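Student: Please take a close look at one part of this model, the open sheet and what packs on it. I would like one connected account.

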Amino acid sequence: MRLELRHVTKKFGDFIANDAIDLIVEPGQIHALLGENGAGKSTLMNVLYGLYEADGGEILLDGVPVHFSGPGDAMAAGIGMVHQHFMLIPVFTVAENVILGSEPTTGGLIDIAQARAVVREISDRFGFDVDPDALVETLPVGVQQRVEIIKALSRHAQILILDEPTAVLTPQETDELMDIMRQLATAGASIVFITHKLREVQEVADEITVIRLGKVVGHTKPTASQNELASMMVGRHVDLEVTKPQATAGDVALEVTGLELLDTDGRVLLDDLSFSVARGEVLAVAGVQGNGQTELAETLIGLRRPTAGSVVLHRAAEDGGQVVEDLTGKSVKAILASGVGFVPEDRGKDGMVAGFTIAENLILDQVTSAPFSQWGAMNMRAIAHNASERVAEYDVRSGSSSAALATLSGGNQQKVVMARELSRDLTVLIASQPTRGLDIGSIEFIHSRILQQREKGTAVVIVSTELNEVTALADRIAVMYEGRFVGIVPPDTPRHVLGLMMAGVSYDDAIAQSQGHETDPGEIMEGIWQ
């Protein structure tokens, strides 16, 4: 099926999200829609899927104009959509989720056997390996995404929209998804692949359309360089390499000794961790996801209470001396008040209140402090003034600071979280996966702000699964494996050595094992960091 969008326009009040967009997707083509967060990609696809009604333009399928009053009309016309946040019922089985809304019946009863047969047929055809009787909540994220694809294909979708499909996937699951996309295209499906990840676009797309600030700014091929694609996305040259001055580390700001953490079943999550971070230094914690990095960040900020060990803060006193404060076991509120900033791994769950305004989210941890609170009441003028300054300083793209934070793109939501934390006087900044799911421009911006904190003398702890980010920002790298540090090494440590360490090999043994290899033995780990 051939899809054509002509001059499609979508407005939200005075804000033009899509400005006369033209797009053609041929049958059997993987067409990448590339752009920054907030560029209007998802809005355009929500118009195509019938979730939004366009304010102008038209949609044509095989040359025939169509109008959708809702997703049901789009699905009936052969359009399926896999949203970034899956639309599945966790306590339902795969088969139950697939037929939800279009249940087959026999004798007036839902025919689950028929639903199972549909799942098996599609799963076998494309090698999805999905059990129709499995509960969705028990499935890995990558398999849940396959369930969404099966759901769309079961409704005979000939055009499949994948909205930021790799944002929640591991690198291995991403590679598997790309294989699936190629199979679908070979079978004749048209695929619209919404993304901001340049490597993925170059690897899988047949055609690329770039959107910036709601407008199409160009069409190109995947042979275009990453620098060319990045410049089209952002509208300026983007430095894909992080440049940082030589570290001038000062006194110790954060000291962790013998930190241990057990879960409720007695399983060791953190195993006797000891380290320190100096003022003006970035310590990056690296490792394969699930080896204790998340638990470490949450323990440092007080979201988890350690089983043993201590977390001590050394902060400057007004008289020029030092105040030594034991943070072990203190509340999150008390730790934040001590001068620790925290950017959580899951901003939606732990970093913001989606229904609150941008202005309100910018003072969440300062709402009872001057100048935002006076005589027990919120100072709305001060809150608005702060929001105006932070929105401008951090380039938060929104029509108004009084808009709900939920209405912003992921990149802009992250900028709000960063703006709130970095607007305080910090001794230590803890940032967990600070650029996860962000586009090139947002990543560049967040990296620059982290390095600014370093230059101001803040001690920075970065937790990241992106090796490029780790090596670019770190002054030292702490490699985690099964809840312990395998070693703390310099940022110029060869990638293959880091790869071996992430598999549990000590630094000395990794160096010994890697000697004499002409090719990079870390290639087996490379996919984890792309």
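**The open sheet and its helices**

Tutor: In this predicted model, strand 3 (residues 30–34) and strand 11 (residues 207–212) pair in the parallel sense, with four bridges between them. One residue pair within this pairing can be named: H31 has E207 in strand 11 as its bridge partner.

These two strands belong to an open sheet of six strands, whose order is 6-9-10-3-11-12. Pairing across the sheet is mixed. Its edges are strand 6 (79–82) and strand 12 (215–220), each of which pairs on one side only. From one strand to the next, the twist averages 20°.

Two helices can be placed against the sheet. Helix 8 (residues 226–234) lies across strand 3, strand 11 and strand 12, and thus covers both members of the parallel pair described above. Helix 8 runs at about 35° to strand 11. Helix 5 (residues 141–154) lies across strand 6 and strand 9 (159–163). The angle between helix 5 and strand 6 is about 170°.

A word on confidence. The pLDDT averages 87 over the chain, and 95% of the residues score at least 70. Among the elements of the chain, strand 22 (residues 459–463) has the highest mean pLDDT, at 96, and helix 19 (residues 523–529) the lowest, at 35. Over residues 517–530 the pLDDT is below 50. In the model, that stretch has 23 contacts beyond near neighbours in sequence.

Note on methods:
Residues numbered from 1 in each chain as written. Predicted model: local features only at pLDDT ≥ 70, side-chain atom pairs only at ≥ 80, totals over all residues. Heavy atoms only, no water. Pairing = 2+ DSSP bridges. Axes fitted to C-alpha atoms, helices over the stretch in contact; angles between N-to-C directions. Contact = heavy atoms within 4.5 Å. pLDDT = per-residue confidence, 0-100.
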